[in-house]
Amino acid sequence: QVQLVESGGGLVQAGGSLRLSCAASGGTFYAMAWFRQAPGKEREFVAAVSWSGGSTSHADSVKGRFTISRDNAKNTVNLQMNSLKPEDTAVYFCAVGGQLSFLQTRYDYWGQGTQVTVSS
């Protein structure tokens, strides 16, 4: 049984930083990713990373501020978020699957989500 458990969310002031982590159990996966959903909006792609970590993809809205990475020894994926803005406020979801993609349908398993709130 695959389980994904996110951690690291919280409340931070604009300009601050947070680091999200997602621990996977029950399998290993080629692609690990983060998505987010703000109140009243559709869930959107944030970043994804391949098995080796050599291929990454970041949404334009977070490029230069967020960095995705993974630790295969621990079966975790991390999202370092710097220079946070109020518009980054959302529930952040970890997802895993067999293909590196920005499409939600390419991911087979999802975490429950962790809240990130950025105050102005």
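Below is a chat about a predicted model of one protein.

Me: Quick one to start: how many helices and strands are in the protein?
Reply: Remember that this is a predicted model. The protein has zero helices and 11 strands. Read from the N terminus, the order of elements is β-β-β-β-β-β-β-β-β-β-β.

Me: And how does its radius of gyration sit against the globule rule?
Reply: The radius of gyration is 13 Å, close to the 14 Å that the globule rule gives for 120 residues, so the protein is as compact as a globular protein of that length. Along the principal axes, the C-alpha trace spans about 40 × 25 × 25 Å.

Me: What share of the residues counts as buried?
Reply: Of the 120 residues, 42% are buried. The protein exposes about 6100 Å², and carbon and sulfur atoms supply 46% of that area.

Me: Which residues touch the most other members in the largest nonpolar core?
Reply: That core has 34 residues, and the ones touching the most other members are Trp 34, Val 46, Phe 66, Val 77, Leu 79, Met 81 and Tyr 92.

Me: Which strands each supply at least two residues of that core?
Reply: Strand 3 (18-25), strand 4 (31-37), strand 5 (44-49), strand 7 (66-71), strand 8 (76-81), strand 9 (90-97) and strand 11 (114-119). As background, nonpolar side chains tend to be buried together in soluble globular proteins.

Me: Let's zoom in on Tyr 92. What is it in contact with, leaving aside neighbours within four places in sequence?
Reply: Tyr 92 contacts Trp 34, Val 46, Phe 66, Leu 79 and Met 81, among others. The list also includes Glu 6, Leu 20, Phe 35 and Arg 36, and further along the chain Tyr 92 meets Gly 113, Thr 114 and Val 116.

Me: What about contacts over the chain as a whole, how many join residues at least 24 apart?
Reply: Taking contacts between residues at least 6 apart in sequence, 57% join residues at least 24 apart.

Me: Switching to charges: how far apart are the mean positions of the positive and negative ones?
Reply: They are 4 Å apart, with 10 positive and 8 negative charges going into the two means.

Me: Now Arg 19. Where is it, and what does it touch?
Reply: Arg 19 is in strand 3. Not counting residues up to four places away in sequence, Arg 19 touches Ser 7, Gly 8, Ser 69, Asn 78, Leu 79 and Gln 80. The C-alpha atoms of Arg 19 and Asn 82 are 8.5 Å apart, with their places 63 residues apart in sequence.

Me: Why does Arg 19 count as partly exposed?
Reply: Because its relative accessibility is 43%, and partly exposed runs from 20% to 50%.

Me: Where does Ser 83 lie?
Reply: Ser 83 is in the loop between strand 8 and strand 9. Its phi is near 50 degrees, which is positive in a residue other than glycine. Ser 83 is partly exposed, at 39% relative accessible area.

Me: Which residues does Ser 83 touch, not counting those up to four places away in sequence?
Reply: Gly 15, Gly 16, Ser 17, Arg 65 and Asp 88. By contrast, Ser 83 and Leu 4 are separated by 26 Å, C-alpha to C-alpha, and Gly 54 and Ser 83 by 24 Å.

Me: Does that loop hold Lys 85 too, or where is the place of Lys 85?
Reply: Lys 85 is in the loop between strand 8 and strand 9. Lys 85 is partly exposed at 35% relative accessible area, and touches Arg 65 and Val 118, not counting residues up to four places away in sequence. Its C-alpha is 9.4 Å from that of Val 12, 73 residues away along the chain.

Me: Other loops: is Gly 54 buried or exposed?
Reply: Gly 54 is exposed, at 64% relative accessibility. Gly 54 lies in the loop between strand 5 and strand 6 (56-58).

Me: And Ser 101, buried or exposed?
Reply: Buried, at 11% relative accessibility. Ser 101 lies in the loop between strand 9 and strand 10 (107-110). Phe 45, Ala 48, Arg 106 and Tyr 107 touch Ser 101, not counting residues up to four places away in sequence.

Me: Last one, what is the phi of Asn 75?
Reply: About 55 degrees, a positive phi although Asn 75 is not a glycine. Asn 75 is in the loop between strand 7 and strand 8, and counts as buried at 12% relative accessibility.

Note on methods: Residues numbered from 1 in each chain as written. Predicted model: local features only at pLDDT ≥ 70, side-chain atom pairs only at ≥ 80, totals over all residues. Heavy atoms only, no water. Core = buried A, V, L, I, M, F, W, Y, C linked by side-chain atoms within 4.5 Å. Buried < 20%, exposed > 50% of the residue type's maximum accessible area, 1.4 Å probe, protein only. Helix = DSSP H or I, 4+ residues; strand = E, 2+ residues; numbered from the N terminus. Contact = heavy atoms within 4.5 Å. Rg over C-alpha atoms; globule rule 2.2 N^0.38 Å. Areas by Shrake-Rupley, 256 points an atom, 1.4 Å probe, with all protein chains shown as cover. Lys, Arg positive; Asp, Glu negative; His and termini not counted. Charge placed at Lys NZ, Arg CZ, Asp CG, Glu CD.
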